[in-house]
Amino acid sequence: MNKAELIAEVAAKTGKSPYMAKKALNTVLEGIAHGLKHGRDVDLGPKLGRLRVINRKRKRVIKKNLVGKYKDSVVELHRRHPKSVRLLGRNRDLSEDPQPTIVHKKPEPKRVSAIRFQIARPSFRGRPNIPIKRT
């Protein structure tokens with residue numbers, strides 16, 4: 001669902017104009033951004049969870065198959081943007097009728113008995129059409 005669909009949904013449920021719904025949605029999003037900017041957690045309710053600003057550690061990764069003179073290179077991740085927003089309390093089913101999660105165990109692979117086989121090899125040495133010289 002994008003922002004326009006969300007505005008249309010809010011306008012339909014509240015009975016207000018789309019302009020007022022857009023204004024309300026923008027106010028809510030600005031409030032969330034303001035709280036996160038000042039280091040506060042934003043609680044979105046028991047169903048959704050909380051938004052929290054986290055600091056990501058710098059991480060060095062070897063990138064392979066790059067274009068240019070050097071094919072392998074060490075790249076630092078999270079250097080330019082060390083802060084990120086994380087949603088705490090995920091893995092919740094937000095549908096109308098939540099169903100329990102079913103986890104299937106992987107079946108054990110069937111064991112195959114070792115089959116003995118022989119490799120066919122010629123009994124002669126050398127080319128088949130040339131007679132063997134014996135001295």
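**View 1. V42 stands opposite L51 of strand β2, where β1 and β2 meet.** This is a predicted model, so a local feature needs a pLDDT of at least 70 and a side-chain atom pair counts only at pLDDT 80 or more, while totals for chains, interfaces and linings use all residues. Residues are numbered from 1 along each chain as its sequence is written, and side-chain values use heavy atoms, with hydrogens and water left out. Right beside V42, D43 has R50 of β2 as its opposite number. Two bridges hold this antiparallel pairing of β1 with β2 (residues 50-55). A quick word on terms: two strands pair if DSSP finds at least two bridges between them. Strands themselves are DSSP runs (E, at least two residues), helices are runs of H or I with at least four residues, and both are numbered from the N terminus. Together, β1 and β2 make a hairpin with six residues in between, and G45 in that turn has a positive phi of about 105 degrees.

**View 2. Now step back to the open sheet, which has three strands in the order β1-β2-β5.** The pairing is antiparallel. Which strands sit at the edges? They are β1 (42-43) and β5 (83-88), each pairing on one side only. Between β2 and β5 there are six bridges, and these two strands run antiparallel. One spot to look for is L51, which stands opposite L87 in β5. A handy thing to know when looking at side chains: in a regular strand they alternate between the two faces of the sheet.

**View 3. Helix α2 (residues 18-37) lies across β1, β2 and β5.** It runs at about 40 degrees to β2 (axes are lines fitted to C-alpha atoms, for helices over the stretch in contact, and angles go from 0 to 180 degrees between N-to-C directions). Does α2 have the length you'd expect, or what span do its 20 residues give at 1.5 Å a residue? They should span 28 Å, and the end C-alpha atoms of α2 are 28 Å apart, which agrees. (The expected span is 1.5 Å times one less than the number of residues.)

**View 4. Look at α2 again, this time for its buried residues: A21, L25, G35 and L36.** Seen down the helix axis, they fall within an arc of 105 degrees, so they line one face of α2; the arc is that of the directions from the helix axis to the C-beta atoms. Here, buried means under 20% relative accessible area, exposed means over 50%, and partly exposed is in between (1.4 Å probe, protein chains only). What covers these buried residues? The cover includes α1 (3-14), β1, β2 and β5, going by contact, meaning heavy atoms within 4.5 Å. Turned away from the buried side is a face with the exposed residues Y19, T27, E30 and K37.

**View 5. Just after α2 comes G39, with a positive phi of about 80 degrees.** G39 belongs to the loop between α2 and β1, and with a relative accessible area of 57% it is exposed. G39 and R52 are 13 residues apart in sequence, yet their C-alpha atoms are 7.9 Å apart in space. H38 is also found in the loop between α2 and β1. Is H38 buried, exposed or partly exposed? It's partly exposed, at 48% relative accessible area. Its C-alpha atom is 9.4 Å from that of V53, 15 residues away along the chain.

**View 6. Over in strand β3 (residues 59-63) you'll find I62.** I62 counts as exposed, since its relative accessibility is 57%. Between the C-alpha atoms of I62 and E76 there are 8.9 Å, although these residues are 14 apart along the chain.

**View 7. Helix α1 and the protein as a whole round off the set.** The 12 residues of α1 should span 16 Å at 1.5 Å a residue, and its end C-alpha atoms are 16 Å apart, which agrees. Just after α1, G15 takes a positive phi of about 80 degrees. How many helices and strands are there? The protein has two helices and five strands, running α-α-β-β-β-β-β from the N terminus on. Of its 135 residues, 7% count as buried.
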